[in-house]
Amino acid sequence: MSDDFDLLETNSQEKAEKVDVNWGKAIDQMKSKLAQEDDPESRQKILNATLDNVVDMAEKDRTTLLDAIKDLTDYQDEVGIMFEGFSALNAAEQKIIDDAVKRLERAKVELEDAKAKPDTWWNNLWGRKSKIRSAEEELREAQKQRDGADNRAKAMFQQRIETADVQTLLNELSFKSQAAIKRLKDRELEIKEVEESLKTAIVEASNNHTKALQKKKEVEAKLEEQYALLKQARQALEEVADKQSTEYSEALEKVTGLEQKVEELEGLKNAYTTLAASKDSFVHKHNLTIKVLTSLRSNLQTHRAKLKSDTDERLKYYDGYVVALKARTDQEFAAILEHLGVKTDEHIGETLAAMHTASAKARQEMMDNIPVHEKVMQGVYGSYAEALKDIRAKDAEIQQNFADRYGIDMKEIFDEYYKADPNAPAYGGEPAGKPKPEPNEDDLLG
């Protein structure tokens, strides 16, 4: 670093030299400071921090910043700082102020133009006076709008930052710091100007003090001379024997004149004495004021230099903080995606496992149902066999009945009947089947 480095004239555009950081040592120092943390709750927060805890801490940071900016915005009203010069306004907020300023400037120009027209009969006939009144009214309205523009913009600004994120609030704080740096610099220049004027005033007061003392001496010399003459005149007055004579009157008039002259010189002496004392007093007062102002200017200079330097560093610090917040958000987003992926894997695994289980159960059910089906079919076959047995028994009974009644062995006929195709026509007639019932008048189905 060069020897001519001046902290009070910090150049923010100069690139800082890279510094090799011993991270191991830095971490050890951090741990040491953490162990020395006075607030056990704060220490515990750091030790037990999770991403969710960080969200709460970041929101607390945002609330603290928001309160600070509100306080600064209110304070600027108290100290007379222009709102638009001390807050980072967005386009809509700035437009309110810009429109009010343009309207006011336009109204002033229109009023000047209206008044600039000669006050002639012809111009008055064409509405010169009415245009002046209209322009004056517009100027009043424009001034009124301009006076309220700051408050309207401020209301929008306050409403906007209520829900602003940390980055916006940090930018606002940085903007206010930059504005404060300019304000401090302007105040330093103002104090410096007053100091110079006071130095001039001290010289003038000192010169006037010297002149007053000189005048006082001159008056004192004249006064001594007049005192001597007055003493002689009073003695001569006493020596006049005839108090009614003209000589006495003249001597008395001379004494009166000298007394009047002495009185005037006494007044001048007092005046110059007072003036000298006053100038001497103001020399000391101005000197004290200069000392105070110089001290204040020095303090302002120190604050401005530190604020300017710290603001440049703080901007980088804020950038790191904002990036860290974004990284935390990205990390949480990645964790959410990972969680969703794991849950999706679990759900798909559950579905696949359910499919396999359901398929196995379906196979088992199918296998379990085979004996049931066989049992049902056995019942069907048993019923069929039972029915067939009854039919054969009935056929045998019929055959025997035919044999007994007609002497015809029906067994062969029935055997042929069972062997024959039931759909084949018999003797060129209808297919064999059940014998057609003979018509019966009592058969309602016939």
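Colleague: Which residue's side chain meets that of Lys199 in a salt bridge?

Modeller: Bear in mind that this is a predicted model, where local features need pLDDT of at least 70, side-chain atom pairs count only at pLDDT 80 or more, and totals for chains, interfaces and linings use all residues. Residues are numbered from 1 along each chain as its sequence is written, and side-chain values use heavy atoms, leaving out hydrogens and water. A salt bridge here is a side-chain nitrogen of Lys or Arg within 4 Å of a carboxyl oxygen of Asp or Glu. At 3.8 Å, N to O, the partner of Lys199 is Glu196.

Colleague: In which helix do Lys199 and Glu196 both lie?

Modeller: Helices are DSSP runs of H or I with at least four residues, strands are runs of E with at least two, and both are numbered from the N terminus. Lys199 and Glu196 are three residues apart, about one turn of the helix, and that helix is α7.

Colleague: Which residue joins Glu196 and Lys199 in one network?

Modeller: Lys199 is partly exposed at 38% relative accessible area, and Glu196 is partly exposed at 36%; the cut-offs are buried under 20%, exposed over 50% and partly exposed in between, with a 1.4 Å probe and protein chains only. Salt bridges with shared partners tie these two into a network, and the other member is Lys192.

Colleague: How far apart are the closest N and O atoms of Arg187 and Glu190?

Modeller: These two also sit in helix α7, three residues apart, so about one helical turn separates them. Arg187 is partly exposed at 34%, and Glu190 is partly exposed as well, at 39%. They form a salt bridge, with the closest N and O atoms apart by 2.5 Å.

Colleague: Is Lys182 buried or exposed?

Modeller: Lys182 shares helix α7 (residues 166-239) with Asp186, four residues along, about one turn. The two form a salt bridge with the closest N and O atoms 3.0 Å apart, and Asp186 is partly exposed at 37% relative accessibility. Lys182 itself is at 53% relative accessibility, so Lys182 counts as exposed.

Colleague: How many salt bridges does the structure hold?

Modeller: Those we have gone through include Lys182 with Asp186 and Arg187 with Glu190. For the structure, the count is 17.

Colleague: What share of the protein's residues is buried?

Modeller: The fold is helical throughout its pattern, α-α-α-α-α-α-α-α-α, with nine helices and zero strands. Its accessible surface (Shrake-Rupley method, 1.4 Å probe, only the protein chains shown counting as cover for residues) comes to about 33,500 Å², 55% of that belonging to carbon and sulfur atoms. Of the 446 residues, the buried share is 21%.

Colleague: Which residues does Gln226 touch, not counting those up to four places away in sequence?

Modeller: Gln226 is in helix α7, and its relative accessible area of 13% is why Gln226 counts as buried. Contact means heavy atoms within 4.5 Å. By that rule Gln226 touches Leu258, Lys261, Val262 and Leu265.

Colleague: What is the C-alpha to C-alpha distance from Lys215 to Thr273?

Modeller: Lys215 is another residue of helix α7, partly exposed at 40% relative accessibility. Lys215 and Thr273 are 58 residues apart in sequence, yet in space their C-alpha atoms are separated by 9.0 Å.

Colleague: And how far is Leu213 from Lys269 in space, C-alpha to C-alpha?

Modeller: Leu213 also belongs to helix α7 and is partly exposed, with 34% relative accessible area. The sequence separation from Lys269 is 56 residues, while the C-alpha to C-alpha distance is 9.4 Å.

Colleague: Of the contacts between residues at least 6 apart in sequence, what percentage joins residues at least 24 apart?

Modeller: Gln226 touching Leu265 is one contact of the protein. Across the protein, the percentage is 77%.

Colleague: Which residues form the negative surface patch?

Modeller: Patches take residues with over 30% relative accessible area and no salt bridge, joining like charges within 9 Å and nonpolar side chains (Val, Leu, Ile, Met, Phe, Trp, Tyr) within 5 Å. Lys and Arg count as positive, Asp and Glu as negative, with His and the chain ends not counted, and each charge is placed at NZ of Lys, CZ of Arg, CG of Asp or CD of Glu. One member, Glu247, is in helix α8 (residues 246-406) and is exposed at 54%. The patch is formed by Asp242, Glu247, Glu250 and Glu253.

Colleague: What is the area of the nonpolar surface patch that includes Val372?

Modeller: Val372 is in helix α8 and is partly exposed at 45% relative accessibility. Together with Val376, Met377, Val380 and Tyr381, Val372 makes a nonpolar patch of about 460 Å².
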